[in-house]
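Q: Could you zoom in on one strand of this model for me and walk me through its surroundings? I'd like one connected account rather than a list.

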Amino acid sequence: METTVTITDPAKAKAYFEAKMAFTTGPVELERMMKTNEVHVVDVRASEDYAEGHIPGAVNLPKDQWHTLKGLRKDKINVLYCYSHVCHLAATAAVEFAGKGYPVMELEGGWRWWKNDDFDIEK
């Protein structure tokens, strides 16, 4: 059985990765941006999970409270995170919040990557 690999348009790839870099960040980059107070971190997981542990300084805005926009900032990028790299909760929140005029990014890997890479945790 032969596998065919399609060569994609390099211009489309460039546009995709520029957008990805503009709107996502990883744990190492997030920690650096937090130290220089460049970002505002928002945990969109359920409040019980937030209480068990979260990224230091993160505010909790679970889905049932998104309509309030409570804790979001317009003067800083709101870095949103949820459970893991397969959770679309943060991406869904990003669409909603950006649509209301809030600057947003998504933390790639979410809480799981942050915790598993031994970054600081707050309870």
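A: Let's take strand S2, where both faces are covered: Val39, Val41 and Asp43 on one side are buried, and so are His40 and Val42 on the other. Keep in mind that this is a predicted model. The split into two sets fits the usual pattern, since in a regular strand the side chains alternate between the two faces of the sheet. Taken as a whole, S2 spans residues 39-43 and is mostly covered, with five of its five residues buried.

Now for the partners. S2 runs parallel to strand S4 (residues 77-81), and five bridges join the two. If you want a spot to click on, Val39 of S2 stands opposite Ile77 in S4. S2 also pairs with strand S3 (residues 59-60), again in the parallel sense, over two bridges. There, Val42 is the residue to look for, standing opposite Val59 in S3.

Step back along the chain and you reach the loop between helix H2 (27-35) and S2, which is where Asn37 sits. Its backbone deserves a glance: phi of Asn37 is near 60°, a positive value in a residue other than glycine. For context, most residues other than glycine have a negative phi.

While you're on that backbone feature, have a look at Asp118 too, with a positive phi near 60° and, again, not a glycine. Asp118 belongs to the segment after helix H5 (110-116). Asp118 counts as exposed because its relative accessibility is 68%, and the cut-off for exposed is over 50%. Back in S2, by contrast, Asp43 is buried.

Technical notes:
Residues are numbered from 1 along each chain as its sequence is written. This is a predicted model: local features need pLDDT of at least 70, side-chain atom pairs count only at pLDDT 80 or more; totals for chains, interfaces and linings use all residues. Side-chain values use heavy atoms; hydrogens and water are left out. Buried means under 20% relative accessible area, exposed over 50%, partly exposed in between (1.4 Å probe, protein chains only). Helices (H or I, at least four residues) and strands (E, at least two) are DSSP runs, numbered from the N terminus. Two strands pair if DSSP finds at least two bridges between them.
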